[in-house]
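Student: Could you take me through one part of this structure slowly, starting from a single loop and then following its surroundings outward? I would like to understand how each detail is connected with the next.

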Amino acid sequence: MGVQVDGVSVKPPDGGWGWIVLLSCFVITGFSYAFPKAVSVYFKELMMDFHVGYSDTAWISSIMLAMLYGTGPLCSILVNKFGCRPTMLVGGLLASGGMVMASFTRNIIELYLTAGVVTGLGLALNFQPSLIMLGSYFDKRRPLANGLAAAGSPVFLSVLSPLGQVLLKTFGWRGGFLIMGGLLLNCCTCGAVMRPLETKRKRMLPTGQLLLDFTVFQNRGFIIYTVAKFITVLGLFVPTILLVNYAKDMGVPDQEAAFLLSIIGFIDIFARPTCGFFAGLQRLRPKVAYLFSFALLFNGLTDVCSAKATDYTGLVIFCVFFGISYGMVGALQFEVLMGIVGSQKFPSALGLVLLIEALAVLIGPPSAGRLVDAYRNYELIFYMAGTELIAAAIFLALASFCCIRKTGHPSPSGPERDDETHIQRRHPDLDSKTVAFKDGVEDDCMQRVSVHEDDHNQDHQKQMEDC
């Protein structure tokens with residue numbers, strides 16, 4: 001399966017410089033997903049300094065994640081207009097500058113604007129282009145590559161959380177934010193190595209090319225995936241954002257409370273690449289959407305079953321199972337989307353999905369924080385998050401089976417079919433002028449048809465003569 005570079009279909013190398021791109025994507029994913037959770041170690045100090053509650057501090061992580069998701073269409077437009085590398089370089093500067101400015105804030109609103117909006121936008125401008133580049137460099141090894149890149153999140157979470165605790169004790173939250181801003185400059189280094197694929201011949205892009213392709217909404221599998229992800233995000237991040245404060249309220253020392261996130265991160269490190277490896281197996285890859293449903297169900301049941309944890313041992317057990325299930329979700333979520341829409345529409349599809357998920361991010365953690373402020377009961381938080389994950393899992397599995405399998409539409413995920421075989425099966429009367437492309441067929445099929453249509457016409461003529 002090729003990707004379009006300057007109008008020419010290029011086969012992903014599945015290696016080579018792609019491993020450097022994978023390493024950069026690993027770092028970017030780590031910062032993008034772990035950073036909004038890692039800043040939660042500063043929440044207690046922020047609450048005392050600014051005289052605010054749980055829900056107010058939870059907005060910091062929520063705004064970061066909302067910017068990460070909500071600016072998806074903007075990122076897609078910038079990538080299609082300027083390319084991945086320039087977009088990521090600007091994003092790295094914004095992410096770093098936001099945390100540096102946050103260290104000088106005087107109230108919670110200024111913190112929302114700097115650490116939340118500016119840093120969140122910078123992370124977004126790095127995260128989405130890195131996934132696009134990863135998808136352009138890998139095809140056959142894509143599930144494994146996605147799993148390895150997704151492992152950046154737990155690795156960085158296991159490092160940033162205790163590091164943040166050390167910085168908080170040594171330099172205070174302002175000094176910690178300043179040093180964190182310096183660390184985020186590494187995003188610029190990662191952006192610099194995102195080298196576009198080279199072609200032997202170049203062709204100008206059509207003048208009418210869309211910067212954001214809304215035709216993905218014609219794909220039934222994409223709509224199902226988007227609805228399921230919206231429900232998922234309502235509860236997916238809630239336990240990790242409030243876990244440290246929950247432990248501290250139980251009387252757990254600060255260092256041990258922060259260590260809980262490290263446990264999740266350590267388990268997650270192995271869960272993501274392992275799940276990515278199994279998802280790439282020939283028998284499982286066509287059913288990766290159902291594997292994703294199982295991961296969501298596993299995560300939701302973990303939340304519900306751990307709702308009555310009342311001591312540190314119970315929280316440790318929760319972190320182990322949450323790390324496994326959370327790692328599975330992280331490894332599979334973008335692989336499923338790539339399988340649904342294909343590599344050519346992935347930038348636009350990713351941007352639109354992230355925009356819709358941004359609404360869920362703005363609802364989930366703040367709502368959980370308000371429940372804590374109102375009832376001082378964390379049990380409700382685990383029930384709420386778990387129920388949302390279970391609902392998403394059931395919806396995705398049933399909708400994929402009933403609305404896609406039963407109607408004859410292509411599977412919502414799995415290895416990309418050979419384009420010529422797929423077109424010939426759906427269009428036996430194919431000629432050189434008219435080809436009907438419907439749900440699930442990628443844009444680069446048009447180029448494949450134009451190259452092979454003469455051979456196909458000769459075979460068709462030969463069959464007519466035999467008859």
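Tutor: Leu-281 sits in the loop that runs between helix H12 and helix H13 (288-305), and in this predicted model its relative accessible area is 33%, so it counts as partly exposed. This residue belongs to a nonpolar patch on the surface, where it is joined by Trp-19, Leu-144, Leu-148, Phe-277, Phe-278 and Leu-284, and together these residues have about 570 Å² of accessible area. Two helices, H7 (142-150) and H12 (254-279), each contribute at least two residues to the patch.

Staying with helix H12, we find a salt bridge between Arg-272 and Asp-268, whose closest N and O atoms are 2.8 Å apart. These two residues are four places apart in H12, which means that about one helical turn separates them. In general, an α-helix has 3.6 residues a turn, so residues three or four places apart point the same way. Both Arg-272 and Asp-268 are buried. Elsewhere, salt bridges with shared partners link Arg-142, Arg-285 and Glu-335 into one network, and the structure has six salt bridges by count.

Another of these bridges joins Lys-44 to Asp-249, with 3.2 Å between the closest N and O atoms. Because Lys-44 lies in helix H2 and Asp-249 in helix H11 (residues 238-249), this pair ties together parts that are 205 residues apart in sequence. Here both partners are partly exposed, Lys-44 with a relative accessible area of 25% and Asp-249 with 38%.

Lys-229 and Glu-357 form a salt bridge as well, and their closest N and O atoms are 2.8 Å apart. Since Lys-229 is in helix H10 and Glu-357 is in helix H15 (residues 346-375), the bridge ties together parts that lie 128 residues apart in sequence. Both of these residues are buried, and that leads us to look at the whole of H10. This helix, residues 220-236, has 17 residues and spans 24 Å from its first C-alpha to its last, close to the 24 Å expected. Because 12 of its 17 residues are buried, H10 is largely enclosed by the rest of the structure; among the buried residues are Gly-221, Phe-222, Ile-224 and Tyr-225. At the start of the helix, a side-chain oxygen of Asn-219 comes to within 2.9 Å of the backbone nitrogen of Gly-221.

Aromatic rings bring together further parts of the chain, and the structure contains 20 aromatic pairs. In one of them, the ring centres of Tyr-33 and Phe-127 are 5.2 Å apart and the planes meet at 80°, so the pair is edge-to-face. Tyr-33 is in helix H1 (residues 18-38) and Phe-127 in helix H6 (residues 108-137), so this pair ties together parts that are 94 residues apart in sequence. Tyr-33 counts as buried at 4% relative accessibility, and Phe-127 counts as buried at 0%. Phe-217 and Phe-222 make up another edge-to-face pair, 5.3 Å from centre to centre and with 75° between the planes. Within this pair, Phe-217 is partly exposed at 34% relative accessibility, whereas Phe-222 is buried at 0%. Finally, Tyr-246, Phe-318, Phe-322, Tyr-326, Tyr-378 and Phe-382 come together as one aromatic cluster.

Note on methods: Residues numbered from 1 in each chain as written. Predicted model: local features only at pLDDT ≥ 70, side-chain atom pairs only at ≥ 80, totals over all residues. Heavy atoms only, no water. Expected span 1.5 Å × (residues − 1). Buried < 20%, exposed > 50% of the residue type's maximum accessible area, 1.4 Å probe, protein only. Polar contact = N/O pair within 3.5 Å; in protein donor to acceptor, adjacent residues only side chain to side chain. Patch = residues over 30% accessible without salt bridge, like charges linked within 9 Å, V, L, I, M, F, W, Y side chains within 5 Å. Areas by Shrake-Rupley, 256 points an atom, 1.4 Å probe, with all protein chains shown as cover. Salt bridge = Lys/Arg side-chain N within 4 Å of Asp/Glu carboxyl O. Phe/Tyr/Trp six-rings, centres within 6.5 Å; stacked < 30°, edge-to-face > 60°.
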